[in-house]
Amino acid sequence: MNTKIGLLLVTVGCLLLTLQSQAQERDDRATILNFKGIQYMSDDSLFYTNFRFRMQNRLGYSNVLDNEDNGKFDARIRRLRLRMDGYIYTPKISYSIQLAFTRGDQDFDDTGIANIVRDAVVFYNFSDDFYISFGQNKLPGNRQRVNSSGQLQFADRSLVNSNYTLDRDFGVSFNLSKKIGDMPINAKAAISTGEGRPALGTDDGLAYTGRVEFLPLGNFTNDGDYSEGDIEREETPKLSIGGGYSYNDRTIREGGQLGRYVKNPFTLKTSFADAIFKYQGFAYQAEYMRRDVDNPFNIVDDQFNQVDGPEDELAYAQKGWGLNQQASYLLNKGYEIATRYTYIKPHQQLRNYEDQLDVIELGLTKYMKAHRLKFQINANYTVPNGDFGNNYSKNAWGGTFQIELGI
């Protein structure tokens, strides 16, 4: 009877803590007793598991202004993920596993292999302020990539992230949080393989990544610096400024951790700086990224890529820089209006293959249960090579409707 009463008390305690905690989902560490998921704890409390899922269903349309009939519809399940977080024997040893079940989430188009494993990582928590990880997980890269895709205020991340992001990788990371006076500082560093979610193999080069964040106005409510939009309606101004650098030595993929495999390894150097500000429903964030490589051109390696293509197909790294800015305001009853401006400037070496791009986007989101259940409508207009008022050739417009649902 005592055992049953003890188990009941533990279960009730977990549920109460779950109901009270509204912390944002984090992709860079395990979430323990923080979410309304399917939870299980052993009788002796030696292990705990939290099962969750989320999905994104979308309908989109895009059209290029070139006097041709090229309108395209996009109706699909963008993401369907299962996540398991917990600990074994002691909360100091925690883990996070995340599986993906849609083609776009499995790196299939680049490798021809359905890689369902997104995260499989073990953490050792020395304290709440210092932990290390070993396994496959997100690198401490740019802010929008570090944020979970479930915490975005637009249906997709910006083109700056798409072109220059670091993404997931296998390796070891070190994470430390400290305070200088009243200012929290987060420092993160990782040593990883440099090839991302390896479907076929890795080379002998490694990637070295570091990131530092400064919060001069104190911590955000419920880890709000790791989510977009001011859902918490911060009562006092909050600001986080971050930046970092990644040196990916002799990677064999176009984008370092992403893209097709190439024949000749090259070294990618990526720098990034970002900031996010929130106050009383208003949110603003900016992100700058730059990628350098001595020679961006390469050849697709048919030995590794399982997709059909011509022999000696050209491949290249996205050398250049980009800037993304977005602002939003949370209205009454959970409605949010947002706007985003993105600028991409490819290096001169790529001007025959990549256009300079300006992208303007508008968004309307209805939050039913914060980011766990929301309805999103986005509209976008893309301008290549600064053609805002001449012949509009190859300018493009489109829109997306998406439902996000998860526990």
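Q: How should the relative accessibility of Arg250 be read: buried, exposed or partly exposed?

A: Arg250 counts as partly exposed, because its relative accessibility of 35% falls between the limits of 20% for buried and 50% for exposed. Please keep in mind that the model is predicted.

Q: With which residue does Arg250 form a salt bridge?

A: The partner is Asp249, and the closest N and O atoms of the pair are 3.0 Å apart. That distance satisfies the rule, since a salt bridge requires a side-chain nitrogen of Lys or Arg within 4 Å of a carboxyl oxygen of Asp or Glu. Asp249 counts as buried, at 17% relative accessibility, whereas Arg250 is partly exposed.

Q: How many salt bridges does the rule give?

A: The count comes to 22 salt bridges. One of them joins the side chains of Asp156 and Arg78, with 3.8 Å from N to O. This pair links distant parts of the chain, 78 residues apart: Asp156 is in the loop between α3 (143-146) and α4 (159-164), and Arg78 is in strand β3. Arg78 is buried, with a relative accessible area of 15%, while Asp156 counts as partly exposed at 30%.

Q: What is the distance between the closest N and O atoms of Arg290 and Asp292?

A: In that salt bridge the closest N and O atoms are 3.5 Å apart. Arg290 counts as partly exposed at 32% relative accessibility, and Asp292 is partly exposed at 27%.

Q: Which residues are joined into one network by salt bridges that share partners?

A: The network consists of Arg58, Arg78, Arg81, Asp105, Arg118 and Asp156.

Q: Where should one look for nonpolar side chains?

A: In soluble globular proteins, nonpolar side chains tend to be buried together. Here the largest nonpolar core has 8 residues, namely Leu139, Val160, Tyr164, Leu166, Ala190, Phe272, Met289 and Ile344. Apart from neighbours within four places in sequence, Ile344 is in contact with several residues, among them Val160, Tyr164, Trp321 and Leu357.

Q: Which residues make the nonpolar surface patch?

A: The patch of about 1000 Å² is made by Leu59, Phe73, Phe282, Tyr284, Tyr329, Leu331, Tyr335, Ile337, Leu364, Ile377 and Phe401. Strands β12 (282-292) and β16 (335-346) each supply at least two of its residues. Phe73 lies in strand β3 (residues 72-88).

Q: Why does Phe73 count as exposed?

A: Phe73 counts as exposed because its relative accessibility is 68%, and the class requires over 50%.

Q: What is notable about the phi angle of Asp107?

A: Most residues other than glycine have a negative phi. Asp107 has a positive phi, near 65 degrees, and is not a glycine. Asp107 is found in the loop between β4 (90-100) and α2 (108-111), and Asp107 is buried, with a relative accessible area of 11%. Asn385, also not a glycine, has a positive phi of about 55 degrees; Asn385 lies in the loop between β18 (373-384) and β19 (395-406).

Q: Over which residues does pLDDT stay under 50?

A: Where pLDDT is low, the predicted coordinates should not be read in detail. In this model pLDDT stays under 50 over residues 1-22, for which there are 18 contacts beyond four places in sequence. The protein averages a pLDDT of 89, and 90% of the residues score at least 70.

Conventions. Residues are numbered from 1 along each chain as its sequence is written. This is a predicted model: local features need pLDDT of at least 70, side-chain atom pairs count only at pLDDT 80 or more; totals for chains, interfaces and linings use all residues. Side-chain values use heavy atoms; hydrogens and water are left out. pLDDT is the predictor's confidence in each residue, from 0 to 100. Contact means heavy atoms within 4.5 Å. Patches are made of residues with over 30% relative accessible area and no salt bridge: like charges are joined within 9 Å, nonpolar side chains (Val, Leu, Ile, Met, Phe, Trp, Tyr) within 5 Å. Accessible areas come from the Shrake-Rupley method with a 1.4 Å probe; for residues, only the protein chains shown count as cover. Helices (H or I, at least four residues) and strands (E, at least two) are DSSP runs, numbered from the N terminus. Buried means under 20% relative accessible area, exposed over 50%, partly exposed in between (1.4 Å probe, protein chains only). A nonpolar core is a set of buried Ala, Val, Leu, Ile, Met, Phe, Trp, Tyr and Cys residues joined through side-chain atoms within 4.5 Å.
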